[in-house]
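Please open the model in the viewer and keep the selection panel at hand. The tour visits a helix and then a group of strands.

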Amino acid sequence: MTSRHRSSDTAHTFSPRRRTVVKAAAATAVLAGPLAAALPARAATETPAFLHGVASGDPLPDGILLWTRVTPTAEAIPGSGLGPDTEVSWTVAKDKTFTAIVAKGSTTATAASDHTVKADIRGLQPATDYFFRFSAGGTDSPVARTRTAPAADAGVAGLRFGVVSCANWEAGYFSPYRHLAARGDLDAWLHLGDYIYEYKSGEYAARGKVVRPHAPANEILTLADYRTRHGRYKTDPDLQALHHKAPVVAIWDDHEFADNAWSGGAGNHTEGAEGTWTARQAAAKQAYFEWMPVRPAIEGTTYRRLRFGKLADLSLLDLRSFRSQQASTASGTVDDPERTLTGRVQLDWLKAGLKASDTTWRLVGNSVMISPFAIGELSADLFKPLAKLLGLPQEGIALNTDQWDGYTDDRRELLAHLRNNAIRNTVFLTGDIHMAWANDVPFDAGTYPLSASAGTEFVVTSVTSDNLDDIVKVPEGTVSAVAAPLIRAANRHVHWVDTDRHGYGVLDITADRAQMDYYVLSDRTDPNATSSWTRSYRTRSGTQKVERTYDPV
């Protein structure tokens, strides 16, 4: 077996400006105290340590992308720009005891890449479990499991993915990751965006209360800031546990940059006072690719496609880098064909991939909801918080301009493509809005269910980020009992919506059906929170419709 990797990729693609490194070094004295307190205790000797765990991602039939971050010395904290060059080696084996080694290699971790390391391992067997670890200076990292994808032409009986989004550090503990890690039956897990949040401490917490403070305390703006925030997240034990159990397939949404990000700015970015958007976006992307086991098929973006035998392919979208600014009113701008959510090149890529697909299922990793949504007859006390959560104009306009509803020409073109080419079994997998949904995706919502459905959509709720009952500050389930029936009455393609709970999904796919099991947490502010199954929905092959099923897989 061989290990094919480019040790200098990260440094060459993402070399920080000299002034950024200098600024980071100057800030180290300020950052070192709170950051050191957040990290696991170090030994007194200056030996390298793997304080941020290890991870794998983007499984291929013959390969996997491995990731870690080494802390070579105590002062080499994330974002500091400090610390010596350190040789890091990796070993991949078929067993936990590393007696059947199949690949090994090494590279140099440097401050230029925040001492993060990626190794793109190839020459592996398809649909196979592997174990890997990193080593530096006589110290071994934790051992982790990963799994390759099935061969492209393989008949696959089933696939199982964990599905998550919207993990806000200050709003609670990441128990969904722990419960997914404990399953031991995942081929991979999908993170559909908002892996981190950019806000300053206290600005966006759990019903206004900070459960645990993040770092840095300021809103993240610079490369050092984004690196520091990613580093804080990677110290979470539940997140580490899931990364140690299965490969992740991740895309970004807005909070990896700033709230309501678009190609030229963001709702949570003040040009000038917070620097330029160009610099902030570049810093966010650099830190993301340093800290995440994501293999960019096209430099600077997360849209790419993975295949899992003949059963499914997965098209992953980047709905932030190319989009036009969100419409501020409903004066017809949402229908403007000059405005785009995907960008022309990405939309053409998606359409071509869906048309050429020869798998049973076509999955689309989609960070914002594609199903149309109208408010219906909600009372004012419920409409205003729902409008806040969805990003709606609070004067009563019934659409979310940050979702596909705000870019209807792109949606029309994509759904017409599915219809005109008789493309079936398309399932959109979505995060973003901190609620769980099971939707048909109609060609024409105004005439549905008389009009046909183009596909189906499963939306997972947030890991911790505030949802509707949190914004209203009422007991869990209170709002959903009132709002869900009204939402469904105004949106006949919506089979189910839970506006109030936190949790995760498990997607199970066979040739006959794709099923999403929805799980909820007992209490996001409890580090030992339990989880329980709440609902399951499936789409049977050939139907393009969602139906309820009464047992989880």
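In what follows, contact means heavy atoms within 4.5 Å. The model is a predicted one.

**Stop 1: helix α7**

Select residues 344-356, which form helix α7. From its first C-alpha to its last, this helix of 13 residues reaches 18 Å, close to the 18 Å expected at 1.5 Å a residue. Next, highlight Q346, L347, L350, K351, G353 and L354, the buried residues of α7. Viewed down the axis of α7, the buried residues fall within an arc of 165°, so they line one face of the helix. An α-helix has 3.6 residues a turn, so residues three or four places apart point the same way. Now turn to the other side of α7, where V345, K355 and A356 are exposed.

Which elements do the buried residues of α7 pack against? Add β14 (304-308), β15 (312-316), β16 (361-366) and α9 (408-420) to the selection, as these are the elements concerned.

**Stop 2: strand β22**

Move to residues 513-521, strand β22, where 9 of 9 residues are buried. Colour R513, Q515, D517, Y519 and L521 on one side, then A514, M516, Y518 and V520 on the other; both faces are covered. In a regular strand the side chains alternate between the two faces of the sheet.

**Stop 3: the partners of β22**

Select β21 (residues 503-509), which pairs with β22 in the antiparallel sense over 7 bridges. A hairpin of 3 residues joins β21 to β22. Then add β23 (residues 531-540), which is antiparallel to β22 over 9 bridges. Finish by centring on Y518 of β22: G505 stands opposite Y518, and R535 in β23 is also a bridge partner of Y518.

Note on methods: Residues are numbered from 1 along each chain as its sequence is written. This is a predicted model: local features need pLDDT of at least 70, side-chain atom pairs count only at pLDDT 80 or more; totals for chains, interfaces and linings use all residues. Side-chain values use heavy atoms; hydrogens and water are left out. Helices (H or I, at least four residues) and strands (E, at least two) are DSSP runs, numbered from the N terminus. The expected span of a helix is 1.5 Å times one less than its number of residues. Buried means under 20% relative accessible area, exposed over 50%, partly exposed in between (1.4 Å probe, protein chains only). The arc is that of the directions from the helix axis to the C-beta atoms. Two strands pair if DSSP finds at least two bridges between them.
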